[in-house]
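Student: I would like a close look at a single part of this model, taken slowly and with the reasoning spelled out.
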Amino acid sequence: MLKLFFSLFAGTLVLTTNAQDTISRDSAFIRSIYEEVLTNGECFENLRVLCKDIGNRLAGSENADKAIVWGKQTLEKYPLSEVSLMPVEVPHWVRGKQEVGYFSFMPDSIQVVAITALGGSVGTNGILTSNIVEVKSFAELKELGREKVEGKIVFFNKAMDAMLINTGAAYGGAYEIRGSGPSEAARYGAVGCIIRSLTLAEDKYAHTGGTIYNDSLPRIPAAALSSVDARALSQALKQHPNLTFSFDMNCEAFPRKMQANVIGEIKGSVYPDQYIIVGGHLDSWDIGEGAHDDGTGIVQSIEVLRAMSALGYKPRYSIRAVLFINEEFGNDGGETYARYAKENGITHVAAIESDGGGFTPRGFGMEGTDGQFALLESWAPFFDDYNLHQFRRGHSGVDIRPLKDDRVALFGLIVDNQRYFDYHHSNNDRFENVNKRELEMGAASMAALVYLLDQSGIPVLP
Ligand SMILES: [Zn+2]
């Protein structure tokens, strides 16, 4: 009995020492990842090239073609096992000339507003002028009914909820106005639709984003107004309910075409056929430079592979950076990637996405099992020195979400997103608004999580 006790005790001691050795080894390696990225990082320069030499890159556009070539060449600069393209079919919509919008309540006097066509909108076929009805919700629109809406332009003036500290949740709460507002307005006979931009900023930037027409209703032109202009229009309407709003847009849709996801890979030494992926989306909207959305996620994902190979790390699982095409207007890249994986029996262990802007990282959101989440929480001490303290269940990323099943753990980099919607989908989303240090901290944090996942064998957990 005594002997058994001692051997157990000794076993415990050995285990404890081993565990401590592992913890010290992991902490030291994570430190070396941050050191590599913060002192030799290339993601900021890669972002500059993507934003300044290519610029915005809506899926289907020539610029997106250029970005795919850039992504492949950039990954090929580093000593990876393989870089490849995965064909993806994407929509092809063209904004056309710069939109013009104004309102008027006196003859010979107009007030020009900053507007941007919503992605997928039809054109106005010349200048479209009409009276306006202002509403804040679909319920208010329904209450007005066809009698008060027919032949007019519906103005959805709904702000994002300022009391949601997670601005992503505030965006989610206002999103349906942009997504379905134009078709809801058309349901009651409206001839056009304008919305207040989805932003928490008070400025003159208009923010675009996809709108989805309901096939059973007429397609009416739709645009977003800057928050300052939405306020001005609303105030003017109170004094001059009969004012007219005019806008001119010549957007056009073309047949779908082929583009590609770009994939870089370091082969695993133990489980070469099982994958841990990091990713973001290579496409952006067609105004601004797609810097925070999602150039930062792209260059951070590339940086994860660069840093791992610079450190000579030999992963147990195969590690991929996936630059998804067309998240913004149908998630074709993410859907195609997941379909390909399923059809070909490719196992994914974990996926990490950065698509919340290149701001100071705060932690990781996760979609997965209780066991996987417990493991993530157990790693919190490793991130303490780097100020990452938020580990919660919730959204991971739009591109990686189609991979969801019971085995794969999905993670989203959580960042301090208070300013994200100042930039998102607007001309203000520029390289100059990305901070080098914050961008690198995010890339290093993703690489650290990849390292822990690679070492842990997360797939065996319930
Ligand atoms: Zn995005």
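Which residue in strand 13 does I276 stand opposite, and what surrounds that part of the model?

Tutor: In this predicted model, the residue of strand 13 that stands opposite I276 is A350. That contact belongs to the pairing of strand 11 with strand 13, which runs in the parallel sense over six bridges. Strand 13 also pairs with strand 16, residues 409-415, again in the parallel sense, over four bridges, and there the bridge partner of A350 is A409. Six of the seven residues of strand 13 are buried, so this strand is largely enclosed by the rest of the structure.

The zinc ion brings in the same region from another side: it is coordinated by H281 through NE2, by D293 through OD, and by D355 through two OD entries, at 1.9 to 2.7 Å. Because H281 lies in strand 11 (residues 271-281) and D355 in the loop between strand 13 (347-353) and strand 14 (361-367), the pair ties together parts that are 74 residues apart in sequence. Along the chain, the donors follow the spacing H-x11-D-x61-D. H281 itself is buried, with a relative accessible area of 0%.

As for the geometry, the four donor atoms subtend angles of 51 to 148° around the zinc ion, which makes the arrangement irregular; a tetrahedral assignment would need all angles to lie between 85 and 135 degrees.

Conventions: Residues are numbered from 1 along each chain as its sequence is written. This is a predicted model: local features need pLDDT of at least 70, side-chain atom pairs count only at pLDDT 80 or more; totals for chains, interfaces and linings use all residues. Side-chain values use heavy atoms; hydrogens and water are left out. Donors are N, O and S atoms within 2.8 Å of the metal (3.2 Å for Na, K and Ca); water is not among the atoms, so sites may look incomplete. Four donors count as tetrahedral if all angles lie between 85 and 135 degrees; four count as square planar and six as octahedral if opposite donors are over 155 degrees apart and all others between 65 and 115; anything else is irregular. Helices (H or I, at least four residues) and strands (E, at least two) are DSSP runs, numbered from the N terminus. Buried means under 20% relative accessible area, exposed over 50%, partly exposed in between (1.4 Å probe, protein chains only). Two strands pair if DSSP finds at least two bridges between them.
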